[in-house]
Amino acid sequence: PFSRCRSVMSAPEQPAGPPAAAEAPEPEAANRYEAVAPHWFYCKVTDSRERWIPFSIQDSERLEAAHASGKGQADVTVATSGGRYDVHLQQRQRVAVYWEEEASQVRRCTWFYKGDKDNKYIPYSETFSEQLEEAYMTAVTLDEWKKKLESPSREIIILHNPKLMVHYHPVAASDDWGSAPMEQGRPRTVKRGVENIAAEIPAGEPLQIDHLVFVVHGIGPACDIRFRSIVQCVNDFRNVSLNMLQAHFKKAQEQQQIGRVEFLPVNWHSSLHSTGVDVDLERITLPSINRLRHFINDTILDVFFYNSSTYCQTIVDTVASEMNRLYQLFLSRNPGFKGGVSIAGHSLGSLILFDLLTNQKVAPEDDERGREGSTTTSSTRGVEQVKEILRTLELSEYSDVFEKEKMDRQTLFLCTEQNLKEMGIPLGPRMKLLHYISSKRETQVCTWNSGTPVIWPRGFSRLTNPTFPLPQVSANYPQLIYKPTIFFAFGSPIGMFLTVRGVKRINPNYSLPTCKGFFNIFHPFDPVAYRIEPMIVPDVEFEPMLLPHHKGRKRMHLELKEGLTRMSVDLKNNLLGSLRVAWQSFTRAPLPAVEAAEAEGETSAEAQTETKAEEPPEPAKEEASAINVGMLNGGQRIDYVLQEKPIESFNEYLFALQGHLCYWESEDTVLLVLKEIYQTQGITLDQPLPGGQ
């Protein structure tokens, strides 16, 4: 039955002489057999295509140890991939822990094959690998090669020598003439052991988790230009963070001060569209341009859903409950976790988180402790506010009376004419104050703690926290069971939505009730992103903070652009100075030497003055970085802009969509997140990064 196989194999059998000659110097190794070292793989199916991916060295060793010690037991579960997946050894399945995902097949691999059309080696089944290993052991021990094995599917594997093993597969069971199966095409290459297939096997993630970050997606089920899910995008973000830790926190890692940051995705889109709204939309959707309409229903309409009281409630309930569920599940699987929790949102997800955070209630004990710590400050501020009102009404001479009564702005607005009379305020000043109080009440505004009024548009309700004037869609905002350390917004439209809701200015003294950090990160070409700082400091124009490149400098094209700008300014100044000196030498009469020196001094002074006028405003840039942008981020800057890539600078419109979806693989974004998180623990970068403003 193998006669045809021999004819086909005659060609590859001819060069078998040189390998035999190469093996001749080691006759002792002929009968020496060493067992193959297994490595564990899992199968990932993408678009009906299977890809076998190796577990990390750390995970594979744990799986092998559990496999060796768990024989005969009912089932053994091993946590892998940093605890995000569980492997059930008996069922040979890999199951996601924190999100819904189809179970993946798991295999203990020792033998692999690769055909012409295969990019990577594919592992044989465990049963057939054992048969191959037995045949290999026999061949090595007895030094009998060119053995042939037939698989259950009648595929033939020939072991020529330890370094040359091939796999033939038949076209069919038999042809019309009853002939034996024939081999088709070039044979597959067979390899024994994972060390011979050149697979990229990661070492594994640090076991210690220092911080937990929940990541909320924006509109639609896809989160990047490749239409990948939030789980896949967050996986990329996590992988980039591991690389950034090795590159910029190497000293802290070597001293075992840090482990890693865990990022977990939060999905709300599927819950929203499982309410039956898609069926209702389908009934009213026109049949033309079907794909475009389906795309709009599945993505763009999420913005309108969030502005609907009914579906806004569904979204905020889903996001809050999912983050609380993930937090409790994470703590149950990591009982020794002592780190903090931060949250990050992309696009609409950042607005959802912002609305949730503005509605969080401070715990009574924390509120009382905060009040005790700020009694003196708030009291002083209240007295100053009353003094300012009296100064506006030209009643400053009564400031001492109000200060003696410990009167702040809120108390002043509660005063009646009888109260003012009892304080000894004369009739004229009394009437002025009462008219001022009455006029402020009639505007029907919500007043925040600094006294800045903000009108509430119709259709929006007051927040749970009455000291904050930002209107929102009417909904019952749930509470989180933890206090976020930092809130990161990527490509966020928060500023635009606040403006549309009627907010013109954010109080510089305002901060999120339970979260003291807020970073608004955006790409310069992102069409969805808006700034926050101009709403806090509307009277000053200043640039956002430029995020330094993760390799420690500005991108080359930005440095070249700045250099050319400076060069053009210098050339202009030098040319103007030369023309001025030449013109003055023609128009002025000859002067004595002393007067000539004075004239030259005046000319140089004038030229210097003009040069200074033409130079870029460097001091303004320094002031911009140190400008007071309020307490929304604890006194730090809020807006951070990424540096565009050289190719992106050629056409802003062409890369606008990419600019909104670039954050998941942006090293600069990830590095800022890590830097700010570890800064709360007193751990800094190995070397500060220059290049930012």
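In the predicted model, glutamate 61 is found in helix 3, which spans residues 57–69. Its relative accessible area is 53%, so glutamate 61 counts as exposed. The C-alpha atom of glutamate 61 is separated by 7.9 Å from that of histidine 39, although the two residues are 22 positions apart along the chain.

Helix 3 belongs to a protein with 25 helices and 23 strands. The chain has 693 residues, of which 43% count as buried. Among contacts with a separation of 6 or more, 70% join residues that are 24 or more positions apart. The surface exposed by the protein comes to about 38100 Å², and carbon and sulfur atoms supply 53% of this area.

Confidence varies along the chain. The average pLDDT of the protein is 80, and 75% of the residues score at least 70. Over residues 1–30, however, the pLDDT is below 50, and the model gives this stretch 25 contacts beyond near neighbours in sequence. Residues 590–599 also have a pLDDT under 50, with 3 contacts beyond four places in sequence. Where pLDDT is low, the predicted coordinates should not be read in detail.

Helix 12, residues 348–358, gives an example of a covered element: 11 of its 11 residues are buried. The buried residues include Leu348, Leu351, Ile352, Leu353, Phe354, Leu356 and Leu357. Gly349, Ser350, Asp355 and Thr358 are also on the list of buried residues in helix 12.

A nonpolar patch lies on the surface and is formed by Phe227, Ile289, Leu292, Phe295, Ile296, Ile300 and Phe304. Together these residues have about 720 Å² of accessible area. Helix 9, residues 290–298, contributes the largest share of the patch, with 3 residues. Leucine 292 has its place in helix 9. With a relative accessibility of 46%, leucine 292 is classed as partly exposed.

Charged side chains were examined next. Side chains of opposite charge can pair when their charged atoms come close. The whole structure contains 25 salt bridges. One of the pairs is formed by arginine 84 and glutamate 262, with an N to O distance of 3.1 Å. Arginine 84 lies in the loop between strand 3 (77–80) and strand 4 (85–88), whereas glutamate 262 lies in strand 14 (residues 260–266), so this salt bridge ties together parts that are 178 residues apart in sequence. Both partners are covered: arginine 84 is buried at 5% relative accessibility, and glutamate 262 is buried with a relative accessible area of 1%.

A second salt bridge joins the side chains of arginine 226 and aspartate 236, at 4.0 Å from N to O. Arginine 226 is in the loop between strand 13 (209–216) and helix 5 (230–248), and aspartate 236 is in helix 5, 10 residues apart from its partner. The two ends of this pair fall into separate accessibility classes: arginine 226 is partly exposed at 48%, while aspartate 236 is buried at 19%. The value for aspartate 236 falls under the 20% limit for a buried residue.

A third salt bridge links arginine 325 to glutamate 322, and their closest N and O atoms are 2.8 Å apart. Both residues lie in helix 11 (residues 309–333), and because they are 3 residues apart, about one helical turn separates them. An α-helix has 3.6 residues a turn, so residues three or four places apart point the same way. Arginine 325 is partly exposed, with a relative accessible area of 36%, whereas glutamate 322 is buried, with 19%. Elsewhere, salt bridges that share partners join Arg84, Glu205, Arg238, Arg260 and Glu262 into one network. The pair of arginine 84 and glutamate 262 described above is thus part of that network.

Cysteine residues were also considered. The count of disulfides in the model comes to 0. Cysteine 415 is buried, with a relative accessible area of 8%. Cysteine 662 is likewise classed as buried, at 14% relative accessibility.

Technical notes:
Residues numbered from 1 in each chain as written. Heavy atoms only, no water. Helix = DSSP H or I, 4+ residues; strand = E, 2+ residues; numbered from the N terminus. Buried < 20%, exposed > 50% of the residue type's maximum accessible area, 1.4 Å probe, protein only. pLDDT = per-residue confidence, 0-100. Contact = heavy atoms within 4.5 Å. Areas by Shrake-Rupley, 256 points an atom, 1.4 Å probe, with all protein chains shown as cover. Disulfide = S-S within 2.5 Å. Patch = residues over 30% accessible without salt bridge, like charges linked within 9 Å, V, L, I, M, F, W, Y side chains within 5 Å.
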